[in-house]
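Visitor: Could you take me on a close look at one strand and its surroundings? I would like the cut-offs along the way, please.

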Amino acid sequence: MSELFSVALFWSTIRLSTPLILAALGGMFSERAGVINIALEGMMLAGAFTAAAVTHAVGNPFVGLAAGMAAGALIAAIHAVACISYKADQVVTGTAINILMIGMPAFLSGAFFLSSGSTPQLPKEDLIPWTPIVIAFALVPIAWYVLYKTPFGLRLRSVGENPEAADAAGVSVARMKYAGVLLSGALAGIGGAYLSIGQSSLFTRNMTSGRGFIALAALIFGKWRPVQTLLACLLFGFTEAVSIQMQGVVKLPSGEDIPVQFIQMVPYLLTIIVLAGFIGSSRPPQALGIPYQKER
Amino acid sequence: MKFAFWSTLLMLCLVAALGASCNRASYGAHDKSKIRVGIVFDIGGKDDRSFNASAWAGVSCAETGKWPDGTDCGKPALNIVARDIEPGNPTSIEPAMRAFAERGYDLIIGVGFAQTPIMELVAKDYPNIRFAIVDGDSALPNVALLKFKEHEGSYLVGMLAAKANKTGTIGFLGGMDIGLIHRFGTGYEEGARAVKPDIRVIKNYVGVTDAAWNNPGKGKELALAQISKGADVIFTAAGNSGLGAFDAVEQAGKVDGRATHLVIGVDANQNMVKPGFVLTSMLKRVDNSVYSIIEDVVNGRFQAGLHVYGLDKDGVAYAMDEHNKPLITPEMLQQVEEARKKIMSGEIKVTDAMDKK
């Protein structure tokens with residue numbers, strides 16, 4: 001057991017939480033503005049691929065990080081145009097983006113690297129294992145401040161809660177929604193970039209493996225609030241870190257290994273227990289998912 | 001609303017075009033004088049620098065006489081046309097196989113055990129087309145099974161791991177928790193124990209779904225966890241996820257110019273991925289098996305059923321090249337070579353984890 005709870009577990013938790021925090025905070029800005037964002041996964045993939053590809057080309061991971069951020073925002077722009085300007089169904093558009101982003105990196109890596117879904121491996125000097133972590137944790141108080149203490153945050157929230165009232169008060173609903181969605185793409189892009197140029201040293205196809213959806217779950221779990229969302233991400237990161245540290249170490253009293261399948265259930269089990277037992281009801285922004293039609 | 005509908009439709013078409021076929025050439029290969037070979041890769045994709053890459057190398061060698069990187073593969077080009085498909089997700093495997101079958105390909109190769117049930121369905125519908133599956137099982141009269149004695153190769157790299165080991169603990173990082181991967185793990189452990197009977201082997205698996213092959217982030221975390229528990233050599237059998245272990249040992253760094261922790265690659269030769277940090281690679285010569293089944297079809301000697309590649313037929317081996325030469329002493333090499341001969345002669349029996357049940 002002493003092997004289980006250690007400094008390694010702490011850092012592992014931090015590393016595993018970082019991409020979730022970034023994507024979940026991104027999702028928060030979008031959903032607080034009333035736009036459902038299940039495309040976080042796709043935006044992360046865009047960020048991950050672009051960051052690795054640009055870092056490989058330029059040799060500077062910070063440029064890669066910025067490019068990953070921009071790529072996330074670009075994909076978010078597609079979501080924004082479809083959902084806000086053309087009032088498409090937000091879930092359908094998000095799903096389409098996720099599927100598109102399974103194929104797009106494969107397609108582009110074929111064009112750039114004669115590969116089919118991965119980028120060349122980056123040397124260790126070109127990686128930024130710490131920057132995205134710092135950004136993620138610094139962003140939580142910033143996001144809180146922006147959301148609750150600035151006029152921008154107030155308008156963003158009002159658009160998500162009651163767009164008619166916001167509109168009547170002179171807030172441009174569409175512009176606020178665009179801002180929210182683009183911000184979500186940029187943040188999810190950083191989250192993805194962390195996976196490819198922070199934690200690993202290359203992009204491989206589908207490397208997010210569902211982290212975008214976990215981030216979304218953390219956002220709901222955290223009641224669309226920055227600090228609670230951070231805690232939810234840390235919980236997910238912690239349970240996964242525990243399951244990683246447990247594997248092959250913790251044994252049954254009989255001396256046999258605990259089946260891997262069971263250990264990998266642990267994060268989800270814990271989540272259900274916490275969700276059911278301690279959180280209470282989670283109320284989404286009132287106008288979430290409803291396209292806003294300006295009255296004439 | 002209309003625009004939204006059409007834009008969504010357009011997007012879905014784009015998705016279909018991108019997701020289903022990432023290959024650059026079309027399915028249709030019209031030259032009837034040549035044998036036509038279609039290969040459907042596993043979810044990892046042909047650039048996993050590992051299992052699929054090895055299968056791709058075999059096809060490339062058969063088609064052009066060259067490895068995918070353009071160097072000579074040492075075997076003659078066969079008179080074939082090859083087309084490949086990389087399914088973006090498990091549901092696109094069956095349409096891909098049927099597309100080849102529908103166009104009357106002579107041989108369709110499926111890469112990876114996960115395609116077995118799909119291939120059985122398709123092979124039943126097209127009894128006149130020859131199929132080959134890597135790592136799969138089937139009793140159909142038109143399906144060849146390309147299998148490997150991974151446990152024998154893993155035994156040898158396990159010996160090397162134990163020889164290079166200083167801490168008394170080594171690690172094994174598998175992709176999915178399945179029989180095939182246990183075969184690697186069990187052979188590895190036996191080989192290590194043959195050198196150091198009381199060595200501790202930590203075995204971890206990335207996941208229980210096929211996403212486990214594509215999660216280098218988690219692979220790295222597992223490798224770091226093994227390192228924190230004292231493992232100084234880690235054998236990966238986890239596709240793309242295994243690349244995370246390469247990052248982990250590199251992060252652990254070097255002392256006096258020598259890596260403190262080493263990784264063992266799998267399937268293809270991964271020694272060059274992080275030179276100096278890779279002890280060796282357990283080669284699973286999928287390329288040889290794919291080449292020879294294509295050769296059989298070309299020469300009209302195709303046989304359904306089991307084709308087993310062990311140490312004897314150069315089916316499994318450990319990789320030695322200029323990248324890992326400084327890490328392996330002549331004494332280590334000599335001991336492993338002796339064991340190799342003993343396994344081939346039957347003097348050493350390596351447990352096959354898939355035989356147990």
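Guide: Happily! Let us begin with β6(B) and strand β7 (residues 200–207) of chain B, which pair in the parallel sense over seven bridges. Strands here are DSSP runs (E, at least two residues), helices are runs of H or I with at least four residues, and both are numbered from the N terminus; two strands pair if DSSP finds at least two bridges between them.

A word on the source: this is a predicted model, in which local features need pLDDT of at least 70 and side-chain atom pairs count only at pLDDT 80 or more, while totals for chains, interfaces and linings use all residues. Residues are numbered from 1 along each chain as its sequence is written, and chains are lettered from A and ligands numbered from 1 in the order in which they are written.

Back to the strand. Within the pairing with β7(B), B:Leu173 has B:Asn204 as its bridge partner. Between β6(B) and β7(B) the chain passes through helix α6 (residues 179–195) of chain B, and this β-α-β crossover is right-handed (with the strands pointing away from the viewer, the path from the first strand over the helix to the second runs clockwise).

β6(B) is also joined to strand β8 (residues 233–237) of chain B, in parallel, by four bridges. There, B:Gly174 finds its bridge partner in B:Ala237 of β8(B).

How covered is β6(B), which spans residues 169–176? Seven of its eight residues are buried. Buried residues have 20 or more other C-beta atoms within 10 Å of their own, exposed ones 12 or fewer, and partly exposed ones a count in between, with C-beta atoms placed from the backbone.

Next comes a residue that touches this region. B:Ala161 is in contact with B:Ile170, B:Ala192, B:Val233, B:Phe235, B:Ile264 and B:Leu279, leaving out residues up to four places away in sequence; contact asks for C-beta atoms, placed from the backbone, within 7 Å.

B:Ala161 is also among the residues with the most contacts inside the largest nonpolar core, which has 152 residues. Such a core is a set of buried Ala, Val, Leu, Ile, Met, Phe, Trp, Tyr and Cys residues joined through C-beta atoms within 7 Å. Its largest share, 14 residues, comes from helix α8 (residues 173–199) of chain A.

For contrast, look at B:Lys342 in helix α10 (residues 330–345) of chain B. B:Lys342 counts as exposed because it has 12 C-beta neighbours inside 10 Å. Apart from neighbours within four places in sequence, B:Lys342 is in contact with B:Glu347 and B:Ile348.

Terms used. Contact = placed C-beta atoms within 7 Å.
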